[in-house]
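These are my notebook entries on a structure that I had not examined before. I set down what I looked up and what I found, topic by topic.

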Protein chains: 2
Amino acid sequence: MALSAEKLTNNQQTVLDLLEKSKEPLKAYAILYDTQKKGIKAPLQVYRALDKLIEIGKVHKIESRNSYIACEHKNCNSSTSTSFLICETCDQVSELTQKNLPSYFAKQSEQADFKYAKHNLEIYGVCKDCSKSLVVGGKIDH
Amino acid sequence: MALSAEKLTNNQQTVLDLLEKSKEPLKAYAILYDTQKKGIKAPLQVYRALDKLIEIGKVHKIESRNSYIACEHKNCNSSTSTSFLICETCDQVSELTQKNLPSYFAKQSEQADFKYAKHNLEIYGVCKDCSKSLVVGGKIDH
DNA sequence: TAAAAAATGTTATAATATAACATATCAAAT
DNA sequence: ATTTGATATGTTATATTATAACATTTTTTA
């Protein structure tokens, strides 16, 4: 069965729904807390759902933040490489959808005699919205 | 005082020495264990030394592995951006020294109206040595 | 040498993640 | 429809990674 056609179980759907509604990445224990009413009671239930969702590409982990985000792409089945833009001001995260990154990295790796398989890229900076309010307001509002 | 001229304290030097001798990235509690004989007794002593070493660019954290590696570059004072090649076969890690990565990422980010500040890149694949032994031996020796 | 800044030592605890195992559910192929 | 094998669940316990809080000491700077 193709990954993209895979039917989710209750726990998996519960976790995915929450992540898709969220504006920001969520941490595992935040997910646990927010899904108690849906019957998820233990960390393992969250981690197992996350593992599966990551495997089928519906969710990505942001390693440097220990947090999880729903994939923005329809029918994404790339569980492998990820590229994020992380705003240091508001903590919002978006995916960098650059199709040529893998081949670029493959080329860079090759120069070090390294065979590229996949990557995780986390770019930190200031997002559009925060950049705007910074100019308008004159200072960052934390 | 310039960061590169900074003199290290005992704990900091102990942790750095260990990391520089190591062929692979080390985890914090592995560092703790290996430095007991040098007088480091508690996790906080390790984490505090690591924090400082990271701040002055002598050590980098590999986020997806929760492990730490000494910087390969002489007089590195870049505590900001990091780029690693991580071998999935032998777990060895080397730094990708590509001076134009930041400007490349800045350009990519700009297309998403995102102001690049720094990045963390973790490329997974197979290193030169493992690639070789794979061909010669016919299979991976774990 | 006094004041300020940074580092230390120590105990406790927070935050993140997995082990182990018994049970249940689902999908495919008889 | 029923066995079978794979996958998911529920649960308790525990491992792993990291920080809080606070008293003390050392180092740096003025």
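**Entry 1: The surface near DNA strand C**

I began with a base contact: a polar side-chain atom of B:Arg48 lies 2.4 Å from a base nitrogen of DNA strand C. I then noted which elements give two or more residues to the surface near this strand: helix 3 (43-55) of chain A, together with helix 1 (10-21) and helix 3 (43-55) of chain B. The model I am reading is a predicted one.

I next looked up the phosphate contacts of DNA strand C. An N or O atom in the side chain of B:Gln45 is 2.3 Å from a phosphate oxygen of the strand. For A:Lys27, a polar side-chain atom lies 2.6 Å from a phosphate oxygen of DNA strand C.

How many residues surround DNA strand C? I found 17, and the closest are A:Lys27, A:Leu44, A:Lys61, B:Gln45 and B:Arg48. Of the atoms of DNA strand C that come within 4 Å of the protein, sugar and phosphate account for 40%. By class, I recorded 6 nonpolar, 5 polar and 6 charged residues in the surface near DNA strand C.

Which element gives the largest share of the surface near DNA strand C? It is helix 3 of chain B, with 4 residues. I therefore turned to that helix in the next entry.

**Entry 2: Helix 3 of chain B**

I checked the length of this helix. Its 13 residues should span 18 Å at 1.5 Å a residue, and its end C-alpha atoms are 18 Å apart, which agrees.

I then asked which residues of helix 3 of chain B are buried. They are B:Val46, B:Ala49, B:Leu50 and B:Leu53. Seen down the helix axis, these buried residues fall within an arc of 100 degrees, so they line one face of helix 3 of chain B. I wrote beside this the general rule that an α-helix has 3.6 residues a turn, so residues three or four places apart point the same way.

Against what do the buried residues of helix 3 of chain B pack? I listed helix 1, helix 2 (28-34), strand 1 (59-62) and strand 2 (67-70) of chain B. On the face turned away from the buried side, helix 3 of chain B carries the exposed residues B:Arg48 and B:Asp51. Here I met B:Arg48 again, the residue with a polar side-chain atom 2.4 Å from a base nitrogen of DNA strand C.

After helix 3 of chain B comes B:Gly57, and I noted that its phi is positive, near 85 degrees.

**Entry 3: The surface near DNA strand D**

I looked up the second strand in the same manner. DNA strand D is surrounded by 17 residues, and the closest are A:Thr9, A:Gln45, A:Arg48, B:Lys27 and B:Lys61. Sugar and phosphate make up 44% of the atoms of DNA strand D that come within 4 Å of the protein.

Two contacts with bases went into my notes. A polar side-chain atom of A:Arg48 lies 2.4 Å from a base nitrogen of DNA strand D, and one of B:Tyr29 lies 2.8 Å from a base nitrogen of DNA strand D. At the phosphates, I found a polar side-chain atom of A:Gln45 at 2.4 Å from a phosphate oxygen of DNA strand D.

Which element gives the most to the surface near DNA strand D? It is helix 3 of chain A, with 4 residues. Helix 1 (10-21) and helix 3 of chain A, together with helix 3 of chain B, each supply at least two residues of this surface. I recorded its classes as 6 nonpolar, 5 polar and 6 charged residues.

**Entry 4: Chain A as a whole**

I counted 5 helices and 6 strands in chain A. Along the sequence they follow the pattern α-β-α-α-β-β-β-β-α-β-α. Chain A has 142 residues, of which 41% count as buried. Among the contacts in chain A with a separation of 6 or more, 51% join residues 24 or more positions apart.

**Entry 5: Positive phi in two loops of chain B**

I looked up B:Asn66, which is not a glycine and yet has a positive phi of about 50 degrees. B:Asn66 sits in the loop between strand 1 and strand 2 of chain B. Its relative accessibility is 41%, so B:Asn66 counts as partly exposed.

B:Asp113, also a residue other than glycine, has a positive phi near 55 degrees. I located B:Asp113 in the loop between helix 4 (101-110) and strand 5 (115-126) of chain B. At 42% relative accessibility, B:Asp113 counts as partly exposed.

Key
Residues numbered from 1 in each chain as written. Chains lettered and ligands numbered in written order. Predicted model: local features only at pLDDT ≥ 70, side-chain atom pairs only at ≥ 80, totals over all residues. Heavy atoms only, no water. Near = heavy atom within 4 Å. Polar contact = N/O pair within 3.5 Å; in protein donor to acceptor, adjacent residues only side chain to side chain. Nonpolar A, V, L, I, M, F, W, Y, C, P; charged D, E, K, R; others polar. Expected span 1.5 Å × (residues − 1). Buried < 20%, exposed > 50% of the residue type's maximum accessible area, 1.4 Å probe, protein only. Arc of directions from axis to C-beta. Contact = heavy atoms within 4.5 Å.
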